[in-house]
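Visitor: I would like a quick tour of the charge pairs and the core. Please show me the model.

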Amino acid sequence: VTPGSFFEAASTTKAVVAAIVLGLVQEGKLDLDVDVNTYLRSWHVAENDFTRAQKVTLRLLLSNRAGLPMTNFPYDEKGAPPTLLQVLKGEAPAGNKAAAVELLPGGKWQYANIGYVVIQQLLEDVMGKPLEQIARERVFAPLKMASSTFVYPLSAERQKNEALPHDEQGAPGAPGMHPAALAQGGLMTTPSDLARFACEL
């Protein structure tokens with residue numbers, strides 16, 4: 001392992017996504033406190049008794065207080081991978097819970113990875129481009145983070161420096177990267193690049 005080794009950033013990804021969102025808020029392109037359905041085009045947070053009392057906002061999504069479920073992102077790996085919309089809807093081949101509000105937004109903190117998947121869809125709808133391109137233009141390129149990406153698997157050249165997960169016996173295993181849901185944990189980066197991001201913050 002070196003300062004140039006590629007790691008799954010896991011939930012550290014959320015900090016990068018939050019920085020993108022807050023940059024757009026600073027520019028007046030997004031508002032932290034309006035109903036996210038104002039921005040979403042491809043999919044919407046379904047209305048229910050909870051959302052009638054309090055709308056889901058970016059502020060609540062960013063801080064895990066939007067009332068969305070706790071869920072991981074398993075999927076059927078035999079066929080085609082799930083799309084982002086299938087993940088949000090909880091539809092096969094995705095095996096996760098849908099992004100449906102189950103608690104009063106703002107009423108309780110509940111760690112919800114799927115909240116950041118909602119943010120991913122919102123960013124892609126507003127910006128009209130995939131998260132990888134948004135991150136490259138707004139974070140990676142300006143900070144010279146040349147070894148950071150949301151594209152996986154890595155290129156053959158980069159795979160030579162990829163740190164793989166290992167089991168308790170020390171045997172390397174397969175990475176657990178999701179093909180579509182990225183904003184909650186899909187960043188691949190190096191210690192050096194992540195340090196550049198931390199210094200900028």
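Guide: A salt bridge is a side-chain nitrogen of Lys or Arg within 4 Å of a carboxyl oxygen of Asp or Glu. This is a predicted model: local features need pLDDT of at least 70, side-chain atom pairs count only at pLDDT 80 or more, and totals for chains, interfaces and linings use all residues. Residues are numbered from 1 along each chain as its sequence is written, and side-chain values use heavy atoms, without hydrogens and water.

Visitor: How far apart are N and O in the salt bridge of lysine 129 and glutamate 137?

Guide: Lysine 129 is partly exposed at 22% relative accessibility (buried is under 20%, exposed over 50%, partly exposed in between; 1.4 Å probe, protein chains only). Glutamate 137 is partly exposed too, at 40%. Their side chains meet in a salt bridge, N to O, at 2.9 Å.

Visitor: Is aspartate 193 buried or exposed?

Guide: Aspartate 193 pairs with arginine 196 in a salt bridge of 2.8 Å. Both lie in helix H8 (residues 191-200), 3 residues apart; helices are DSSP runs (H or I, at least four residues), numbered from the N terminus. Arginine 196 is partly exposed at 39%. With a relative accessible area of 2%, aspartate 193 is buried.

Visitor: Which element gives the largest share of the largest nonpolar core?

Guide: Such a core is a set of buried Ala, Val, Leu, Ile, Met, Phe, Trp, Tyr and Cys residues joined through side-chain atoms within 4.5 Å. The largest has 49 residues, and Leu68, Ile119 and Leu123 touch the most other members. Helices giving two or more residues include H1 (13-26) and H5 (113-127). The largest share, 7 residues, comes from H5.
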